[in-house]
Amino acid sequence: MYRTEYDPVKLGKNLKHCRLLNHLSIEDVRKYMRLGSKQAVYKWESGASIPPGDSMLALMELYHATVKDLVEGPVDAKVQHNLYSISYDRFQAYYTRLTAC
């Protein structure tokens, strides 16, 4: 038995799709992730590289998505449902964190 191989291009497309569903820009993600430049986000979304484990967990939190959403897709219905289930208080706390960076 071997470990599952993941398609970095498919993962990248799903990351970009989740970002757009959440109405976030590359710059928003860069700030949230506290990255020095936007290059890492571009590389993840193009499939040139895969986010490290801690970054993947942070992206899942930011996008309100699961690992399965990101690696398998399509994410439309699942992520959209998760977005609608977020309370106003949670959104306000998220927005405060995002703008404080």
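Accessible areas are those given by the Shrake-Rupley method with a 1.4 Å probe. On this basis, the accessible surface of the protein chain in this predicted model amounts to about 6,700 Å², and carbon and sulfur atoms contribute 56% of that area. The chain comprises 101 residues, of which 37% are buried.

The secondary structure consists of seven helices and zero strands. Along the sequence, the elements accordingly read α-α-α-α-α-α-α. Among contacts with a separation of 6 or more, 65% are between residues 24 or more positions apart.

The packing of helices α2 and α4 was examined in detail. Two packed helices are described by the angle between their axes and by the distance between those axes. Helix α2 spans residues 26-33 and helix α4 spans residues 53-63; their axes come within 11 Å and cross at roughly 125°. Because this angle falls neither under 35 degrees, nor over 145, nor in the range 65 to 115, α2 is oblique to α4. The crossing of α2 with α4 is right-handed. On the α2 side, the contact is formed by Val 29, Tyr 32 and Met 33, which meet Ser 55, Ala 58, Leu 59, Glu 61, Leu 62 and Tyr 63 of α4. By character, the residues of this contact divide into seven nonpolar, one polar and one charged.

Tyr 63 of α4 also takes part in the surroundings of Glu 45. Glu 45 is located in helix α3, which covers residues 39-46. Its relative accessibility is 11%, and Glu 45 therefore counts as buried, the cut-off being under 20%. Leaving aside residues up to four places away in sequence, Glu 45 touches Gly 12, Lys 13, Leu 15, Lys 16, Arg 19, Ile 26 and Tyr 63.

Two loop residues were considered for their backbone conformation. Most residues other than glycine have a negative phi. His 23, which is not a glycine, has a positive phi of about 55°. This residue, His 23, lies in the loop that joins α1 (8-21) and α2. With a relative accessibility of 72%, His 23 counts as exposed. Arg 34, likewise a residue other than glycine, has a positive phi near 60°. The position of Arg 34 is in the loop between α2 and α3. Arg 34 is exposed as well, its relative accessible area being 71%. Helix α2 is thus preceded by the loop containing His 23 and followed by the loop containing Arg 34.

Terms used
Residues numbered from 1 in each chain as written. Predicted model: local features only at pLDDT ≥ 70, side-chain atom pairs only at ≥ 80, totals over all residues. Heavy atoms only, no water. Axes fitted to C-alpha atoms, helices over the stretch in contact; angles between N-to-C directions. Helix = DSSP H or I, 4+ residues; strand = E, 2+ residues; numbered from the N terminus. Left-handed = near helix turned anticlockwise from the far one by under 90°. Contact = heavy atoms within 4.5 Å. Nonpolar A, V, L, I, M, F, W, Y, C, P; charged D, E, K, R; others polar. Buried < 20%, exposed > 50% of the residue type's maximum accessible area, 1.4 Å probe, protein only.
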